Amino acid sequence: MSLLEIRNLSVDFQTVSGSFRAVDGVNLDIRETDILAIVGESGSGKSVSMLAVMGLLPWTAKITADIMEFEGRDLLTISSRERRKIIGQDISMIFQEPMSSLNPCFTVGFQIGETLKEHLGMDRNARKIRSIELLELVGIPAPEERLKAFPHQLSGGMSQRVMIAMAIACSPKLLIADEPTTALDVTIQAQIIDLLVSLQNDKGMALVLITHDMGVVAETAKQVIVMYAGQQVEQQEVEGLFSTPRHPYTNALLNALPERSLGLDRLPTIEGVVPGAGDRPNGCLFSPRCEFAQDDCEAQIPPLVGTGTNTLRCFHPVDHGGHGE
Amino acid sequence: MFSFVIRRVALLVPIFFGVTLISFGFIRMLPGDPVAALAGERDMTPERHAEMMARLGLDKPAWEQYFDYVWKLLHGDFGTSVLTNRPVLDEFMELFPATLELGMAAMLLAIIIGLPIGIFAAVKRGTFYDQGLMGLSLVGYSMPIFWWGLLLIILFGGIWGLTPVSGRISFLFDVETVTGFLLIDSLLSGEEGAFASAVSHMILPTIVLGTIPLAIIARQTRSAMLEVLSEDYVRTARAKGLSPLRVYGLHALRNAMITVITVIGLQVGTLMAGAILTETIFSWPGIGKWIIFSVFSRDYYAVQGGLVLIAMMIMSVNLVVDILYGLINPRILHTSS
Amino acid sequence: MNQSTINSIESGPRQPSVLRRNLLEFWYYFSESKTAVVGLAYLVGIILMAIFADFIAPHDPTIQYRDCLEQAPSWGGDKCNFLFGTDYAGRDMLSRIIYGTRLSLVAGGMVVILCLSIGIVFGVIAGYFRGWVDTIIMRIMDTILSVPGLLMALVLVAILGPGLLNAMIAISITYLPYFVRLTRASYITENTKEYVVASKVSGAGKFRIMFITILPNCMAPLIVQATLSFSTAILDTAALGFLGMGAQPPTPEWGTLIAENRDLMLSAPWTVTFPGLAILLAVLAINLMGDGLRDALDPKMKRS
């Protein structure tokens, strides 16, 4: 049974200079215990799509989709009150900047306890016990004292652990992690990712990991969606994506990884820049930068083809001719 | 936190000297003969002049006079009113409760109405409500207070005859002064209708005095809220599925309050200036009216003493606000060593 | 604003095209706020009214029409037609208010000029030299701030004597701290920036650095403050006039007009209402303009 099913999700923002399409036709299908990584550059729309699911976008955003359902419930037409019962409890999200994502005026204990009180109706004692449990679960030493700490007294890594504790407090079925390690030290990054994966394992949660770090994707994800300029360009299982990337963008991204350029003089790059609001090409959005681009690529936008967890938006996918397997 | 408080208190010292210097120098800077001004006499004979000069201590060198003056201040001697021959401090303390009562009522009004307006405007940013409310508050602080007061008097007192327009209570009542706060004293006195009279006399002055602080608080709350609403932790609060009331009223507001408290504290000076005008218009027997009267009647000791007392009062309130700010802002309260 | 700072490091006057471009860009942002433009239009309108008062005012503001004392506003009758009515001495309210515009605008303008010039100099000195010079200047400013503005102005007017000029001087002194603080704060921030270091390294003299290099980049908040002070000065001048410490009767300053007609405010409310409305509208217009200015000059809100 599908936990989160999305078909053709688009998000348009009303701006001073007109309407801007930040997310264009995203499909995804997450089941229990899935680990899905969404990769892309900044501005590719990866965060916005998940924020749309959570209902956290500002009123200037217009969200449209053919299907956007969580456990069969339609998230598009749901009332605010019903939605508030789901998020924080069945679906949780953690964000990129843990230091500023916690309210500086309240203690850690207070902020974790809020979720427990709101969704599970626990009384004060039960909340305290559970909060300590959660802090231990996320690997925070001396949890009892930490309950009384204020966010500015915590380091980046600790803050993110607290955020994770808050997010899993009600044992959600789906956890969305939006670039959880980008703002942290490299040494802490690995710890946080390991924590997320082990929690996912223990609790049988589905995990959506939004990141631009291909190394993390390779190690943790089962499914990968690649996004470019708001569009979904490829989705594959992780092994397939890394061995036989089909979209030229994915191919170029992987080629640009330092690990893959051993023995080369120069690190490969992708020429050009991501199209902004004003200079979107008529055809495939990646065509100006694609080394395999042909005439039909520049004439029309390739549709997203494929089923389930195997999709591609390209007229001329990369041909690996037998390599890799 | 402790060092924070110490530093704030330490700042008061130079300001205290500055203010005393101003009030000390004020009399010396008056046109004409300071002796005549302070003695209240004119055309004195040379002997009388010398006598008064010695009596007033004006024959000593200036710096010695200044130290005498400060010394007296620190002992609670703020001079003697030329008009009433009573110590200035006594006059001040007698009239201060009236101003305090009015000021507190005005501040209460400004906060109770201004704060929600600011929050509402921020949450409904860009809508008609937001623009309308902000437009109204702009009109509110573009108005001359004294005109606003007169206008209300004309409307409510004159044309519609709804409320009284001067004094604190109808002269029919003779209420004993217990606390100095007429609202409390009139209740204590048990006289029928006294409390109602006190309240009705307070309505117009409170509205007039409170209008500008209300407008400022509304605007500042709105902008503080807007800044806070775009912060990450508000997004986290919403992601936790908390109700809008909790998200805006608790998570957002708590942080916005840090700025707003400072703004509220700054209004004390505005209230004092406004009190001068409001009390004059409504014949409210407080220190605002007293100080104007003293300036006009050339009661220079009263002006001098009043100046120092008012400045000290404002400084104390600012200090309290600063400390409150330190208490509310956890970064200052819980500085990790 | 970077273009202008580069220009100010090199010697020589700013090219007219850069200035023009900056002005056009400024107008683009400013005109986004319709209310600000309305405010500006009103201000321009009353400035013109003040300049051409002699031609616009229907009557001489000092003539007393003895048989038309305290007349209610009326028009189109055969006798005693005064659009805003007459005051206690039979003088035309409308004309008096029009002439009063001059006084308020001049008072506001003078205060702003005084505060900007003196405030900037002190702020620059405090911000540049720091140390005990800075401390002394700031303590003086703190002292002025600890006394409420109106009270301070009253005391100063008591020393200097009542009158419009003295009122303006007194008010300027009470606003000074805001300008000094603002200049000093911008100064200290700018001082640490690289273009200043570059200037010093190229051997620019102290005076040049203080006033020509750094100062133009601190102007934005000062301009906003100047606008707000302009409107507050009009209010305070009127307040002093109302208390009898500012412009003295029969000068038709708006506050003074209200004061001299206060006794008849219940029987002839127009004598008090209209001058106050004039104050309100002028201050409102300037505040609207100030808001628009602030939004236009705020770099955070710039969009490409």
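These are my notes on a surface patch of chain C and on the contact between chain C and chain B.

**Entry 1, the model.** I am working from a predicted model.

**Entry 2, the patch.** I looked for nonpolar residues on the surface of chain C. I found a patch formed by C:Val44, C:Ile47, C:Leu48, C:Ile51, C:Phe52, C:Phe55 and C:Ile56. Together they have about 670 Å² of accessible area. I then asked which helices supply at least two residues each to the patch. They are helix 3 (34–51) and helix 4 (53–56) of chain C. Helix 3 gives the largest share, four residues. I checked C:Ile51 and placed it in helix 3 of chain C.

**Entry 3, extent of the contact.** I turned to chains C and B. The contact takes 36 residues from chain C and 41 residues from chain B. I noted a buried area of about 3,500 Å² between the two chains. Carbon and sulfur atoms give 84% of that area.

**Entry 4, polar links.** How many salt bridges are there between chain C and chain B? I count one salt bridge. It joins the side chains of B:Arg219 and C:Asp291, at 2.6 Å from N to O. I also recorded five residue pairs in polar contact across the interface, both residues at pLDDT 80 or more.

**Entry 5, the chain C side.** I listed the elements of chain C that give two or more residues to the side touching chain B: helix 6 (131–146), helix 7 (149–160), helix 11 (219–243) and helix 13 (270–297). Helix 13 gives the most, with 11 residues. By class, I have 26 nonpolar, six polar and four charged residues on this side.

Technical notes: Residues numbered from 1 in each chain as written. Chains lettered and ligands numbered in written order. Predicted model: local features only at pLDDT ≥ 70, side-chain atom pairs only at ≥ 80, totals over all residues. Heavy atoms only, no water. Patch = residues over 30% accessible without salt bridge, like charges linked within 9 Å, V, L, I, M, F, W, Y side chains within 5 Å. Areas by Shrake-Rupley, 256 points an atom, 1.4 Å probe, with all protein chains shown as cover. Salt bridge = Lys/Arg side-chain N within 4 Å of Asp/Glu carboxyl O. Contact = heavy atoms within 4.5 Å. Buried area = accessible area lost by both parts, 1.4 Å probe. Polar contact = N/O pair within 3.5 Å; in protein donor to acceptor, adjacent residues only side chain to side chain. Nonpolar A, V, L, I, M, F, W, Y, C, P; charged D, E, K, R; others polar.
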